[in-house]
Every structure is written in C-alpha cells, then in structure tokens.
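User: I'm new to this structure and would love a close look at one part of it. Could you take me through the nonpolar interior and then show me how it fits with the rest?

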Amino acid sequence: MTVHFLSQTQLKTLVLCTKKLDCNHTGANICEIMREELNKWNIFEKVVAVVTDGGANIKSAVRHMGRSHLPCTAHKLNLIVQKALELSDNEEVGPDDNTDESDLKKIFKKCRNIVGFFKRSEVGNRMLVEKQKQLGNETVLKLKQDVRTRWNSTFLMLERLIKLKEPLTIVMMTLKGAPTNLSSEEWNIIEDMIPLLRPFDKLTVELSAEHYPIISMVIPLIRGLQCSLASKNPNTQLGIFIKNRLIENTTKNMRQVWLAERALADPAAGPPRPVRMHFVEDAARDRGRNNLPTANEVAAVFVGEGGQPFHLFAVLATMNRAIDGFKKQ
C-alpha cells in the first residue's frame, strides 16, 4: 500500500506496508487489511480516493471501505495494448484466431526467438556487438526481451529490433544455428507498429509520476492519445488492423476512467466555466494579470517551434487567490 499526500507545497509518496495475504483474496478480507493498516497511521478518515487496478476483489474492497475508487490509468493503457496485440502466454495460433491475429502471433514468436537466441548465445551476442562497431554505431545496443506483465516491454523489444535491423540481418546470415530472420513484409509491419505503440509508452511514463498531481491530466492526455492514433497512417494491412484495435480498445476502456473522474468531481463546483489563461515569461513581474474566473480543470500543452516543448509560467487564479509559478515543461 502506498499513500500520496501534500506536505506544505510538496507532493509526497510513501509505502505504508507490503504484506503477503495468507487469507482468501476476497473483497471483504482485503478491505479489513487495508482499513487496519490505515487506522494504524490514523489516516483512514483522511483517505479521499483509492487507486487500484481493475480486479473485482480490490474494487469490492474499496466499496466496503466506503471510499471513492479510481482505476489506474497506466494499468488500463497496458491492458489496451495487450488486448490489441493479442499478447498472452500462449504463442501458438488457435483455431479461433483470424488471419491478422495469427500473423501477429507468428511475428511476435519470431521476434522473441531472435531476442532469446542472442540472449543465450555468447558467440552470437559478441558478433552482434562487433558488427555494430564495424558499422560505426556510436552506442552499442543490446536486444530487449518482452515480458507480458512488464508495461510497454513489447514496444521496447520491437523498437530495439528496428534499431539493430542491419547488424542483426548480417549476423544471422553468417551465424550457424541462428533463428529464422523476419521477412521484408514483417519488418515493415513492425515499423508500422512502433509509432502506434510509442504514445502508450510516453503516457505510461507521464502518468506514473509521483512528484506532481496527474488526475487533471488524465482526460486531456487520453484525448490526445486518441487524436495521435487517428493521425497515424500505417502502410500494411496488419498495421491498419492494429491501429483500429487500439482506437476501439482505448475508447471502450477509458470510458470507465472518465466516469470515475466525473463521479469524484465536486458537485458543488457546478458545470465547467469558460476560462481565460495568461501565459507570461515571468509570473512575479506580471501579477496584475491574475484575473481569471474559477476553473474546475485546466490542462495546457506548451509546444514551441518544431513541436518541441519549452518553458513558460502558467499564471492561474481561483477566486482572486493566485496560484502562480507553476512550471510545466
């Protein structure tokens, strides 16, 4: 169990406990243990909301506690990718798999065989390192194996394979006992997948932060993810299939997040009101512009030339009380 709280002006995160549950993992039992730990620290009444994965037992435990529940957005992002890519412990093609699904499983099986071979083979790994140096690579890279339970590891595996495509191909052509290389079409499919999966990796990193609040960023970021996916133009049939699946799963799974945030919102705040936002280089020298109306949520993305983020101070005010000096990169 971890807790997140504000101490003066800093957001703090602490681990309350790590426990092995010897009892049945029912909602009632989990609730009892969580309540006991929170009462030890005398903070049960201070709990505003509990963030968990989508397990039925843990959601039941939060309901038994009488506290608001928020689904973990980063966890949902990982489930979206897993479902879209048909990631599972079973790599074999099943009778119920359609053509696209079976082709996808075959590609991932090939990728894992390649990575696994170079992880196991000292000779193969040494030849791969030497070939990178011969080709003038400034940094020698190693292949990455994906793990189904590790978020975004499939994306990281595919991205590294693409970066090492040339030295890998050369080494596997000359190395006895090397696994079958990917075909030209399969390499093209992987190149289609990487820009589709990269936004999920970036959002996971952004939403896993501990030193700044992120709940107000969730819905704008998910909307940005949907727009990003819609703008991608895969060149292969399988790439288009994956794109459509990711869009469909994102829309379906993230509705629960939106409903949870709406339920948690303060009903006394009323409906969202239009706001004016002033962005200035130096908030301390321009306090006269702190004349904004009350806002329920504000999200801003700062983009400079070439799409690169840059530094600006956002000056916000709520009921004449200025909140300035907030820096967002």
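Analyst: Happy to help; here is a walk through the interior, followed by a few places outside it.

Please keep in mind that this is a predicted model. The protein has 329 residues, and 37% of them are buried. Its secondary structure consists of ten helices and seven strands. Among contacts with a separation of 6 or more, 60% join residues that are 24 or more positions apart.

Let's begin with the part you asked about. The largest nonpolar core contains 47 residues. Within it, the residues with the most contacts are F118, L158, L161, L168, M193, I242 and L246. Two or more residues of this core come from each of α3, α4 (99-120), α6, α7 (165-174), α8 (184-207), α9 (218-231) and α10 (237-264). Helix α8 provides the largest share, ten residues.

F118 is a good residue to look at up close. With a relative accessible area of 3%, F118 counts as buried, because buried means under 20%. Setting aside its neighbours within four places in sequence, F118 touches G124, N125, L128, L143, L168, V171 and M172. One of these partners, L168, is also listed with F118 among the residues that have the most contacts inside the core.

F118 also belongs to an aromatic pair, and the structure holds one such pair. The partner of F118 is F117, and the two rings meet edge-to-face, with 5.2 Å from centre to centre and 90° between the planes. F117 is buried as well, at a relative accessible area of 14%.

Next, follow the chain to α6 (153-163). Eight of the eleven residues of α6 are buried, so this helix is largely enclosed by the rest of the structure. The buried ones are S153, T154, F155, M157, L158, E159, R160 and L161. Their cover includes α4, α7 and α8. Both L158 and L161 appear among the residues with the most contacts inside the largest core.

Just ahead of this helix you will find N152, in the loop between α5 (122-134) and α6. N152 is buried, with a relative accessible area of 11%. Its backbone deserves a glance too: N152 has a positive phi of about 65° although it is not a glycine. As background, most residues other than glycine have a negative phi.

Another helix that gives residues to the core is α3. T73 is in this helix, which covers residues 73-84. At 8% relative accessibility, T73 is buried. Not counting residues up to four places away in sequence, T73 is in contact with L207, V218, I222, M254 and V257.

Now for the parts beyond this core. Apart from it lies another core, of 13 residues, including L16, I30, C31 and I58.

Earlier in the chain, strand β1 (residues 2-7) and strand β2 (residues 10-15) pair in the antiparallel sense through six bridges. In one of the pairings, F5 has K12 in β2 as its bridge partner. Two residues lie between the strands of this hairpin, and Q8 takes a positive phi near 60° there.

N42 offers one more positive phi, of about 60°, and N42 is not a glycine either. This residue is found in the loop between α1 (27-40) and β3 (49-52). N42 counts as exposed, because its relative accessibility is 64% and exposed means over 50%. N152, by contrast, is buried at 11%.

There is also a charge sitting over a ring: the charged end of R67 lies over the ring of F44, 4.4 Å from the centre of that ring.

To finish on the outside, the accessible surface of the protein comes to about 19,900 Å², and 52% of this belongs to carbon and sulfur atoms. If you would like a place to start exploring on your own, try F118, which is buried at 3% and has F117 as its edge-to-face partner.

Terms used:
Residues numbered from 1 in each chain as written. Predicted model: local features only at pLDDT ≥ 70, side-chain atom pairs only at ≥ 80, totals over all residues. Heavy atoms only, no water. Helix = DSSP H or I, 4+ residues; strand = E, 2+ residues; numbered from the N terminus. Buried < 20%, exposed > 50% of the residue type's maximum accessible area, 1.4 Å probe, protein only. Contact = heavy atoms within 4.5 Å. Pairing = 2+ DSSP bridges. Phe/Tyr/Trp six-rings, centres within 6.5 Å; stacked < 30°, edge-to-face > 60°. Lys NZ or Arg CZ within 6 Å of the ring centre and 35° of its normal. Core = buried A, V, L, I, M, F, W, Y, C linked by side-chain atoms within 4.5 Å. Areas by Shrake-Rupley, 256 points an atom, 1.4 Å probe, with all protein chains shown as cover.
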